[in-house]
Amino acid sequence: MSDLNKLIESNRAWAARVKASDPDFFTRLLGQQRPHYLWIGCSDSRVPANQIVGLLPGEIFVHRNVGNLVHQTDLNFLAVLQYAVEVLRVDHVIVCGHYGCGAVQSVLDGQPLGLIDNWLRNIETVYRQHRDIDALPADQRLNALCEHNVRAQVRAVCDSTVMRGAWAAGQEVTVHGWIYGIADGLVNDLGVSCASPTDRARLDTTD
């Protein structure tokens, strides 16, 4: 329990520091959240959404899972997406992967990990579509597949009934594909943003 007690002590210290620098901070958070962004990222502990983009609690709505994957049968993800788009009315949906992703590496290695192998089928599909990366050096293969995976998940978000419905209703909401470098702390835009079904159709000719 000592490790957990340290977390609680750290929480008390953090809350005190926040109150000291901004006495009304937590009072403002009690109001309804109105973030402009939905972040779909990896569960990797080295990729904290708020810190990466310099936003405070309440400014970004977050969904994370292993490999930043979008499964059309994942009710958890679909509920988050629907709430963010239809209720919170976010302006941007950001799919953010990261270089050196362990989930992507496991697919490249072809080593069974157990139950999670079922979850990673999406990445296997992406790998089969881009076997040309096998000609690259090992570190470049991993990063290339990380980027291909983000692009694929952007397509999957756009193909969801939530996004199709929002665009059909004339809602202005854009889906983006980013990738984060743990080694330098920088985010890179992969240039696959979609603000309409027309944009989505163009992606099929670019990757």
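**Notebook: loops, helix α8 and a pocket**

I began with asparagine 68, which sits in the loop between β2 (61-65) and α4 (75-87). The model is a predicted one, and I kept that in mind throughout. Asparagine 68 caught my eye for its backbone: phi is near 45°, a positive value in a residue that is not glycine. Most residues other than glycine have a negative phi. I then checked whether asparagine 68 is buried or exposed. Its relative accessible area is 2%, so I wrote it down as buried.

**Entry: arginine 89 and glutamine 171**

I went on to arginine 89, in the loop between α4 and β3 (92-98). Arginine 89 has a positive phi too, about 60°, and it is not a glycine either. With a relative accessible area of 49%, arginine 89 falls in the partly exposed class. That class ends at 50%, since exposed means over 50%.

Which side chain makes a polar contact with the side chain of arginine 89? I found glutamine 171, at 3.3 Å. Glutamine 171 belongs to the loop between α9 (161-168) and β4 (174-181), so I had a contact between two loops to note. Glutamine 171 is buried, with a relative accessible area of 12%. Leaving aside neighbours within four places in sequence, I listed Val85, Arg89, Val90 and Ala166 as the contacts of glutamine 171.

**Entry: helix α5 and what covers it**

Next I looked at helix α5 (residues 102-109), where Ala103, Val104, Ser106, Val107 and Leu108 are buried. I asked myself what covers these buried residues of α5. The cover includes α7 (121-129) and α8. Following α5 I came to glycine 110, with a positive phi near 70°.

One residue of α8 let me look at this from the other side. Arginine 141 lies in helix α8 and is in contact with Leu108, one of the buried residues of α5. Its other contacts, with neighbours within four places in sequence left out, are Tyr127, Ile133, Asp134 and Leu136. With Tyr127 I also noted a polar contact between the side chains, at 3.1 Å. Arginine 141 counts as buried because its relative accessibility is 19% and the cut-off for buried is under 20%.

**Entry: salt bridges**

I counted through the salt bridges and the structure holds 10. I picked out a few to follow.

The first I followed was arginine 151 with glutamate 147, where the closest N and O atoms are 3.6 Å apart. Both residues lie in helix α8 (residues 138-159), four residues apart, about one turn of the helix. An α-helix has 3.6 residues a turn, so residues three or four places apart point the same way. Arginine 151 counts as buried, at 16% relative accessibility. I also set arginine 151 against threonine 206: they are 55 residues apart in sequence, and their C-alpha atoms are 9.9 Å apart in space.

Then I took aspartate 159 with arginine 200, where the closest N and O atoms are 2.9 Å apart. This pair links distant parts of the chain, with aspartate 159 in helix α8 and arginine 200 in helix α10 (residues 197-203), 41 residues apart. Are the partners buried or exposed? Aspartate 159 is partly exposed at 27% relative accessibility, whereas arginine 200 is buried at 13%.

Which residues share a salt-bridge network with aspartate 159 and arginine 200? I added Arg155 and Asp204, which are linked with Asp159 and Arg200 in a network of salt bridges.

Helix α10 gave me another pair: aspartate 199 and arginine 202, with closest N and O atoms 2.6 Å apart. They are three residues apart in α10, so about one helical turn separates them.

**Entry: the largest pocket**

I finished with the largest pocket, which holds about 200 Å³ of space. How many residues line the largest pocket? I noted 11, of which Arg28, Leu29, Pro57, Gly58 and Glu59 lie nearest its centre. Sorted by kind, the lining comes to four nonpolar, four polar and three charged residues.

How values were computed. Residues numbered from 1 in each chain as written. Predicted model: local features only at pLDDT ≥ 70, side-chain atom pairs only at ≥ 80, totals over all residues. Heavy atoms only, no water. 1 Å grid on protein atoms, 1.4 Å probe; cavity = no way out; pocket = protein on both sides within 12 Å on 5 of 7 lines; lining within 4 Å. Points joined across faces, edges and corners; volume = space filled by probe spheres on them. Nonpolar A, V, L, I, M, F, W, Y, C, P; charged D, E, K, R; others polar. Salt bridge = Lys/Arg side-chain N within 4 Å of Asp/Glu carboxyl O. Buried < 20%, exposed > 50% of the residue type's maximum accessible area, 1.4 Å probe, protein only. Polar contact = N/O pair within 3.5 Å; in protein donor to acceptor, adjacent residues only side chain to side chain. Contact = heavy atoms within 4.5 Å.
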